[in-house]
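Trainee: Hi! Could you walk me through this one before I set anything up?
Mentor: Happy to, let's take a look together.

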Amino acid sequence: MIQATTVRDCVAQARARLEQAGVDSPALSAEILTAHVLGMRRLDILVHADKAVAAPDLARIQECVERRAAGEPVAYLLGEKEFFGYDFYVDRFTLVPRPETELLIEAVQSIFPRDAAFQFADLGTGSGCIAVTLALEFPGAQGCALDLSEGALAVAQKNAERHGVASRVEMRHADFGSDFAPEASLDLIVSNPPYVSEDEYAEVSVEVADFEPKTALVPAEGEGRSDGLECVRRLAPHVARLLRPGGWFLMEYGWKQGPAVAEILGAVSEFQTVKICKDLAGLDRYVVAQKRV
Ligand code: GLN
């Protein structure tokens, strides 16, 4: 029970509660959640440390702290997560964007110049963070973002509108492996598909298991327990057909999947090069494949 009178007390008690609950970064979370409810920036907490906290705000802070103590990710409590320097709306219909996924954007930047006009598709867009960021970073790009989850598409649409790129990113409710047939062949296909195996999923944190949509993490198709690679197997030949000659396919995958991904994409004859790339931790994380010219 938080019984604060000032902002300072409030942060201290929130921190103590989160420490007791054993969540990551209790001090930072206490500050972020308090600032969020009070409509302040985090640094303003210091400036307004002696200010009294009104009872309704106290109750809202307490609710947020209890939800965080139960494992709910901070991003869902704020309804926001930063990705590639842009703020994205998020809720429980989508994964919280991960920093490692920003590498896909950087990889696209190393392929296309900023003023390039290209057509892309984002398969399994979730919050729309990849598609919207591409539209923002490449003002001449035009894309299509697919998801099977209507809830996720609504989030992605909200983010496209929020960032003023809704006219250049079309949201489509479709299954990326089969019913997606774009009008023209594509210059670029990006995807962060579900790639977590059932065995790995059994080990994920409470934050992930209890709050994030499992359908965004573990492939749903295939017989029996997922080995995490079903989407990759299904995507590889389909994507190769949708790309124009010389077009690019960039996909994120799990750190143990590098050799398997190289084998699956390597077996698709349309691809001329398949490059397994590492994240900042030195782990295999994404692939860059180019279709034959
Ligand atoms: N990187 C995510 C995780 O470890 C998985 C994302 C995905 O399956 N696309 O939770």
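Trainee: How many nonpolar, polar and charged residues are in the shell around the ligand?
Mentor: Keep in mind that this is a predicted model. By class, the shell around the ligand has 6 nonpolar residues, along with 1 polar and 1 charged.

Trainee: Which residues surround the ligand?
Mentor: Arg98 is one of them, and then there is Asn192, followed by Pro193, Pro194, Tyr195 and Val196. Val208 and Leu217 are also around the ligand.

Trainee: And which one is the charged residue there?
Mentor: Arg98, since Arg counts as charged.

Trainee: Switching topic: what does the domain assignment of the chain give?
Mentor: Domain 1 covers 7-70, and domain 2 covers 91-291.

Trainee: How far apart are the C-alpha centres of domain 1 and domain 2?
Mentor: Those centres are 35 Å apart.

Trainee: Now the backbone. What is phi of Ser25?
Mentor: Near 45°, which is a positive value in a residue other than glycine. Ser25 sits in the loop that links α1 (7-21) and α2 (26-38).

Trainee: Is Ser25 buried or exposed?
Mentor: Exposed, because Ser25 has 11 C-beta neighbours inside 10 Å, and the cut-off for exposed is 12 or fewer.

Trainee: What about phi of Phe84?
Mentor: Phe84 also isn't a glycine, and its phi is positive at about 55°. You'll find Phe84 in the loop between β1 (80-83) and β2 (86-89).

Trainee: Why is Phe84 partly exposed?
Mentor: Because Phe84 has 19 other C-beta atoms within 10 Å, while a buried residue needs 20 or more.

Definitions and conventions. Residues are numbered from 1 along each chain as its sequence is written. This is a predicted model: local features need pLDDT of at least 70, side-chain atom pairs count only at pLDDT 80 or more; totals for chains, interfaces and linings use all residues. Helices (H or I, at least four residues) and strands (E, at least two) are DSSP runs, numbered from the N terminus. A residue is near a molecule or strand if its C-beta atom, placed from the backbone, lies within 6 Å of it. Domain bounds come from an automatic or database domain assignment.
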